Amino acid sequence: GRQWTLLRIYSYTICGQSDTTSYPMTSVFAFGSNDIWFSDGGEMIQWTGNGYRRDCSTSSLNNGKINKIWGTSSSNFYVAGNSGTILHYASGSWTKITTGTDLNFLDIYGSGSEILAIGLQYSNYSGHIFSIAGNTAQEISSYPIKYGLYGVWFVPKEHYYLVGEGVYEKSSLSDSSWTTLPITGAATTGVRGNGPNDVYVVSSTGDFLHWNGERWKSFRAETGLNGGGYSMVGVNGELVIA
């Protein structure tokens, strides 16, 4: 908890062979200190506490690189990636979820029985939201948002946030439209929280914003970040990392 240690994660150079290479990792998700999953964009690598276990079976299922991992345990989680890729890992086996799209999925998050994934169409920059139930995915309304969605976070049936070309909110997915929050003029890249009154949003130009239940506060003065930006944010209790 006091210092960072540089680790080099190795994946198979070619699936089915024993040689390994330290390809750049594209995503990481931890279920515990001895249960951490990584992806190099193609295959999955699990840290077990005693070493790394490599899983190549995703390589034949995904259509593009894996961007995000989310789940409830190492026997029940999802990965989302480019070209319409969403895969579900359950009890030791992978299932490909048919999305019917070639969108690039940039974020996936779930809570309770709800799971949402955010897709971006690079050709026209349109943003899309998909709801996942079991091994099916269905697009839901993003009205009136037209462009650029990057992330999602929510408390089920209480509050939902989207980030992208703006910051958007809903109290219920059945509401007719998303409301724009006028808290930054920059493209927002990440959103996570501990609860409906403890939410963090970061932007590509260095905004670090917090909702405390009464107001949004900017931490730009505290971070001192100028001339740079954030690509994502993670929250766990009082620890917030961007």
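Here is a short chat about the largest pocket and strand β4 in this predicted model.

Colleague: Which strand gives the largest share of the lining of the largest pocket?

Modeller: The pocket holds about 2,100 Å³ of space, and 48 residues line it, with V28, F29, A30, M232 and G234 the closest to its centre. Several strands supply at least two lining residues each, among them β3 (27-32), β4 (35-39) and β19 (188-195). The largest share, six residues, comes from β19.

Colleague: How many of the residues in that lining are charged?

Modeller: Nonpolar residues account for 25 of the lining of the largest pocket, and polar ones for 18. The charged residues number five.

Colleague: Is β4 largely enclosed or open, and how many of its residues are buried?

Modeller: Take the two faces in turn. D35, W37 and S39 sit on one side and are buried, and I36 and F38 on the other side are buried too. So β4 is largely enclosed by the rest of the structure, the buried count being five of five.

Colleague: What is the bridge partner of F29 in β4?

Modeller: β3 and β4 run antiparallel and are joined by five bridges, with a hairpin of two residues linking them. Across that pairing, the partner of F29 is W37.

Colleague: And in β5, which residue is the bridge partner of W37?

Modeller: β4 also pairs with β5 (residues 44-47), antiparallel again, over four bridges. Their hairpin has four residues between the strands, and G41 there takes a positive phi near 100°. In β5, W37 is partnered by Q46.

Methods: Residues are numbered from 1 along each chain as its sequence is written. This is a predicted model: local features need pLDDT of at least 70, side-chain atom pairs count only at pLDDT 80 or more; totals for chains, interfaces and linings use all residues. Side-chain values use heavy atoms; hydrogens and water are left out. On a 1 Å grid over the protein atoms alone, a cavity is a set of points where a 1.4 Å probe fits but cannot get out, and a pocket is an open set with protein on both sides within 12 Å along at least five of seven lines; lining residues have an atom within 4 Å of a point. Grid points are joined across faces, edges and corners, and a volume is the space filled by probe spheres set on the points. Ala, Val, Leu, Ile, Met, Phe, Trp, Tyr, Cys and Pro count as nonpolar, Asp, Glu, Lys and Arg as charged, and the others, Gly among them, as polar. Buried means under 20% relative accessible area, exposed over 50%, partly exposed in between (1.4 Å probe, protein chains only). Two strands pair if DSSP finds at least two bridges between them.
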